[in-house]
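Biologist: I'm new to this one. Can you walk me through it?
Modeller: Sure, let's look at it together.

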Amino acid sequence: MLTGGCFCGAVRYEASGPVSSQAMCHCTMCRGTSGAPCVAWFTVPARAFKFISGQPTRFRSSGHACRTFCPACGTQLTFADDGSPGEIDVTTCSLDAPAELPLQVHIFTRSQIPWLTLGDGLPRYPGSHNDS
């Protein structure tokens, strides 16, 4: 069981089931919604994720996706793409123990901030890691 929540503690969640992705996203939307140069995410089946206390605010960040945030402190918590209704992405660093899910790939590197140097040797994808 993976547990986590927002910075202030108002919203808490649990995630179980297999983790299918552990990625650092460099897309412009992740940058814009976080104020950071990139955001680490992990993916679990949507049925294996639930908020256990508090209620996040939902924000439609594009025509195909919804993000959730804590309404009190603003911590970004999840990303759900309409094209993948069976899964949900969760911000890795909102976990109680984020070190348990190390990165495996970098995605949307075509949008990467030029001054950010990546030296971890992980695979890089210009778009999604599912793109061929």
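**The sheet and the pockets**

Modeller: This is a predicted model. Seven strands make an open sheet with mixed pairing, in the order E6-E7-E8-E9-E4-E3-E10.

Biologist: Which strands stand at the edges?
Modeller: Strand E6 (57–62) and strand E10 (105–107). Each has a single partner strand, so one side of each is left without a neighbour in the sheet.

Biologist: And by how much are neighbouring strands turned against each other?
Modeller: By 30° on average, direction ignored.

Biologist: How do strands pair in a sheet?
Modeller: Through backbone hydrogen bonds, either parallel or antiparallel.

Biologist: Take E7 and E8. Parallel or antiparallel?
Modeller: Antiparallel, with five bridges joining E8 to strand E7, residues 65–69.

Biologist: What stands opposite Cys-66 there?
Modeller: Ala-80, in E8.

Biologist: New topic. How much space lies in the largest pocket?
Modeller: About 550 Å³.

Biologist: How many residues line the largest pocket?
Modeller: The lining has 24 residues. Nearest the centre lie Phe-79, Asp-89, Ile-107, Phe-108 and Ser-128.

Biologist: Which elements each supply at least two residues of that lining?
Modeller: Four strands and one helix do: E3 (21–25), E4 (39–45), E8 (76–81) and E9 (87–91), plus helix H1 (28–34).

Biologist: What is the lining like by class?
Modeller: It has 11 nonpolar, nine polar and four charged residues.

Biologist: Back to Phe-108. Where is its place?
Modeller: Phe-108 is in the segment after E10. Its phi is positive, about 55°, although Phe-108 is not a glycine.

Biologist: Is Phe-108 buried, partly exposed or exposed?
Modeller: Partly exposed, because its relative accessibility is 23%, and buried would mean under 20%.

Biologist: Now the second largest pocket. How much space lies there?
Modeller: About 190 Å³.

Biologist: Which residues line the second largest pocket?
Modeller: Among them are Thr-33, Ser-34, Ala-36, Cys-38, Val-39 and Ala-40. Further along the chain, the lining also includes Thr-75, Gln-76, Thr-91, Cys-93 and Ser-94.

Biologist: Which elements each supply at least two residues of that lining?
Modeller: H1 and E4 do. H1 and E4 also each give at least two residues to the lining of the largest pocket.

Biologist: How many charged residues are in the lining of the second largest pocket?
Modeller: None. By class, that lining has five nonpolar and six polar residues.

Note on methods. Residues numbered from 1 in each chain as written. Predicted model: local features only at pLDDT ≥ 70, side-chain atom pairs only at ≥ 80, totals over all residues. Heavy atoms only, no water. 1 Å grid on protein atoms, 1.4 Å probe; cavity = no way out; pocket = protein on both sides within 12 Å on 5 of 7 lines; lining within 4 Å. Points joined across faces, edges and corners; volume = space filled by probe spheres on them. Nonpolar A, V, L, I, M, F, W, Y, C, P; charged D, E, K, R; others polar. Pairing = 2+ DSSP bridges. Axes fitted to C-alpha atoms, helices over the stretch in contact; angles between N-to-C directions. Buried < 20%, exposed > 50% of the residue type's maximum accessible area, 1.4 Å probe, protein only.
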